[in-house]
Amino acid sequence: TEEKSLNFIEQIIEEDIRTGKHEGRVLTRFPPEPNGYLHIGHAKSICLNFGVAQKYGGGTNLRFDDTNPVTEDTEYVESIKNDVQWLGFQWVNEFYASDYFDNLYAFAIDLIKKGLAYVDESTSEQIASLKGTPTEPGTNSPYRDRSVEENLDLFERMKNGEFPEGSRTLRAKIDMAAPNMIMRDPIIYRIKFAHHHRTGDKWCIYPMYDFAHGQSDSIEQITHSICTLEFIPHRDLYDWCIDKLEIFPSKQYEFARLNLTYTVMSKRKLLQLVNEGHVTGWDDPRMPTISGLRRRGYTPESIREFCDRIGIARRDNLIDVSLLEFCVREHLNKIAQRRMVVLDPLKVVITNFPEDTVELCLSENNPEDPNGGMREVPFSREVYIEREDFMENPPKKFFRLAVGQMVRLKSAYIIRCDEAIKDEAGNIIELRCSYLENSKSGNDTSGINVKGTLHWVSVSEALPIEIRQYDRLFKVEDLASAEGDFKDHINPNSLEVITGYAEPSLKEATVDTKIQFVRKGYFCLDTDATPDKLIFNRTVGLKDTWGK
Ligand code: ATP
Ligand code: MG
Ligand code: MG
């Protein structure tokens, strides 16, 4: 078998193991900010972080990056844990960056004592105006040369709540002429009188992301801190803090974030879709969230396969969402239970079949699975077939039903269409057919070969079900380069609700049952369903019909 080539992160890890760095230990982390639900982009990061650690005998911490008190919520924490586990991964430790607030405060004091941080009383506008430009150096703040004692005193008073929000910040004293603008005395602490979901009102100063992130990695002794490309300019500060604080040397590596066609991925935008009612919630089956994909009928295996296939890139790219659909289709084909459901019914009366008789037919649950077993499907004198499976004037190769033509009703009998009945307006409302008594599937002695096999349901036994058929949520392929607001591109027809007629065994479906509606696509029970009202989501069609 062909060895898959290593991605660049694996190459780095193998080199580190070879040179004995960290005694060959591999510890990664997945650091979500609990300000929204996880999406398919996070799944990629999860698969990478947990995947490489697993591969090299290491582990992964789940760390909630909860240093911004205003946007975070415990509801999100619970959903994130649930989604990571559902994807099939288990963390070694569950940590919260907010648990490090004491350590981070001590690190800040350490920097002050080393003459490497100062309290600035400039407004944010003043700070911005002295930052310089990428081509011109910035200007030192008038507060830059305070004494260590004065800085220690002011910083403590910031912590004690003596100063109003926005009036003071703690800044790292690095270099106002640094070519990397992030290194021009970045703010590392700010005053915020906000309630934190875990630390409550204990703090009124909060560390900035850049000051918290690398140090959290270091406290946990993370060996490989994997993040997305937009953090490249932050790496200098990440390294600077570790160097000056003389703490465990975690290393940051960057890969390209996942972008998908017809999809927005930022939590901020997804939150807007939820709050403004464009979707029914974070787990709306049209959402690219893990919870939306799960409700839609995606399997963890298919998402992991997708992440594996797209690989790890060092340049931003746009992945075709039909690859994700391909992956779920491929997995569902292996595991889905086959069931017959008619979406657009046309009644067929089998005139030579006895009235008031229900005959049971055996049908295989999954031809891809030798142990899939069989189920009974009731057959009777009146059945529904799909309206599109009959044509009045069929073209030559139409192997479905037409007057005078024969087809097999799947797992049941061969029927011949004798007559099409029309209403006054000329619409076909019913077909009169006759069946070949000796043609029953599994016991066919008719000697007749028909080319077409149709799915069907018995009219008297059929269950009416609600079917939710989804289309893309957005009309344009590349939302990042589309004009205007992303919401201008919402597809107004992303949900179509119809009634279908299902064989009775669908009553037993649970939200975890993966089902193929024969010849139609893959479906699953929706979480809105009740025993009295069965609702099914279309996960994906049988074939990729996009662009056709
Ligand atoms: P968003 O912009 O969607 O809010 P984020 O990066 O702010 O994403 P975090 O909660 O900070 O969200 O993300 C946790 C981890 O997931 C980070 O390491 C981040 O790099 C990674 N991640 C987020 N979005 C993607 C994506 N589209 N592709 C790959 N990794 C991602
Ligand atoms: Mg983030
Ligand atoms: Mg974000």
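According to the UniProt annotation of an unreviewed entry, residues 26–333 are covered by the feature "domain: Glutamyl/glutaminyl-tRNA synthetase class Ib catalytic". In the structure described here, which is a predicted model, the chain over residues 26–333 is 40% helix and 13% strand, and the C-alpha atoms at the two ends of this stretch are 36 Å apart. The domain assignment of the protein divides the chain in another manner, giving domain 1 as residues 8–255, domain 2 as the two segments 267–337 and 465–541, and domain 3 as residues 342–455.

Between domain 1 and domain 2 the C-alpha centres lie 35 Å apart, and 19 residues of domain 1 are in contact with 18 residues of domain 2. On the side of domain 1 that touches domain 2, at least two residues are supplied by each of helix H1 (8–18), helix H2 (40–55) and helix H3 (74–86). The largest share of this side, five residues, comes from H2. When the residues on this side of domain 1 are sorted by class, 12 are nonpolar, five are polar and two are charged.

Helix H2 also takes part in the surroundings of ligand 1, since the shell around this ligand receives at least two residues from H2 and at least two from strand E8 (224–228). With four residues, H2 gives the most to this shell. In total, 15 residues surround ligand 1, and the closest are Pro-32, Gly-41, Ser-45, Arg-257 and Lys-267. The shell is divided into five nonpolar, five polar and five charged residues.

An open sheet of four strands is found in the order E4-E5-E6-E7, with antiparallel pairing. The edges of this sheet are formed by strand E4 (117–120) and strand E7 (205–207), each of which pairs on one side only. Neighbouring strands of the sheet are turned against each other by 20° on average when direction is ignored. Helix H4 (residues 101–113) packs on this sheet, where it touches E4, E5, E6 and E7, and the direction of H4 makes about 100° with that of E4. Within the sheet, strand E5 (residues 169–172) and strand E6 (residues 187–191) run antiparallel and are joined by three bridges, with Arg-190 in E6 as the bridge partner of Thr-169.

Strand E18 (residues 428–435) pairs with two strands that are described here in turn. With strand E12 (residues 345–350), E18 pairs in the parallel sense over four bridges, and Val-349 stands opposite Arg-432 in E18. With strand E17 (residues 414–422), E18 pairs in the antiparallel sense over seven bridges, and here Lys-422 stands opposite Ile-428 in E18. E17 and E18 form a hairpin in which five residues lie between the two strands, and Gly-426 in the turn has a positive phi of about 90°.

A further open sheet is formed by seven strands in the order E10-E23-E24-E25-E21-E22-E11, and its pairing is mixed. Strand E10 (337–339) and strand E11 (341–342) stand at the edges of this sheet with a single partner strand each, so that one side of each is left without a neighbour in the sheet. Strand E23 (residues 515–517) and strand E24 (residues 521–525) run antiparallel and are joined by three bridges, and the bridge partner of Ile-515 is Phe-523 in E24. Helix H12 (residues 321–335) lies across E23, E24 and strand E25 (535–541), running at about 110° to E25.

Both senses of pairing can be followed at strand E21 (residues 463–470), which pairs with strand E22 (residues 495–502) in the antiparallel sense over eight bridges and runs parallel to E25, to which E21 is joined by three bridges. Arg-468 takes part in both of these pairings, as its bridge partner in E22 is Val-497 and its bridge partner in E25 is Asn-537.

Technical notes: Residues are numbered from 1 along each chain as its sequence is written. Chains are lettered from A and ligands numbered from 1 in the order in which they are written. This is a predicted model: local features need pLDDT of at least 70, side-chain atom pairs count only at pLDDT 80 or more; totals for chains, interfaces and linings use all residues. Domain bounds come from an automatic or database domain assignment. Two residues are in contact if their C-beta atoms, placed from the backbone, lie within 7 Å. Ala, Val, Leu, Ile, Met, Phe, Trp, Tyr, Cys and Pro count as nonpolar, Asp, Glu, Lys and Arg as charged, and the others, Gly among them, as polar. A residue is near a molecule or strand if its C-beta atom, placed from the backbone, lies within 6 Å of it. UniProt positions are given in the numbering used here, feature names are shortened, and annotations may be inferred rather than shown by experiment. Two strands pair if DSSP finds at least two bridges between them. Axes are lines fitted to C-alpha atoms, for helices over the stretch in contact, and angles run from 0 to 180 degrees between N-to-C directions.
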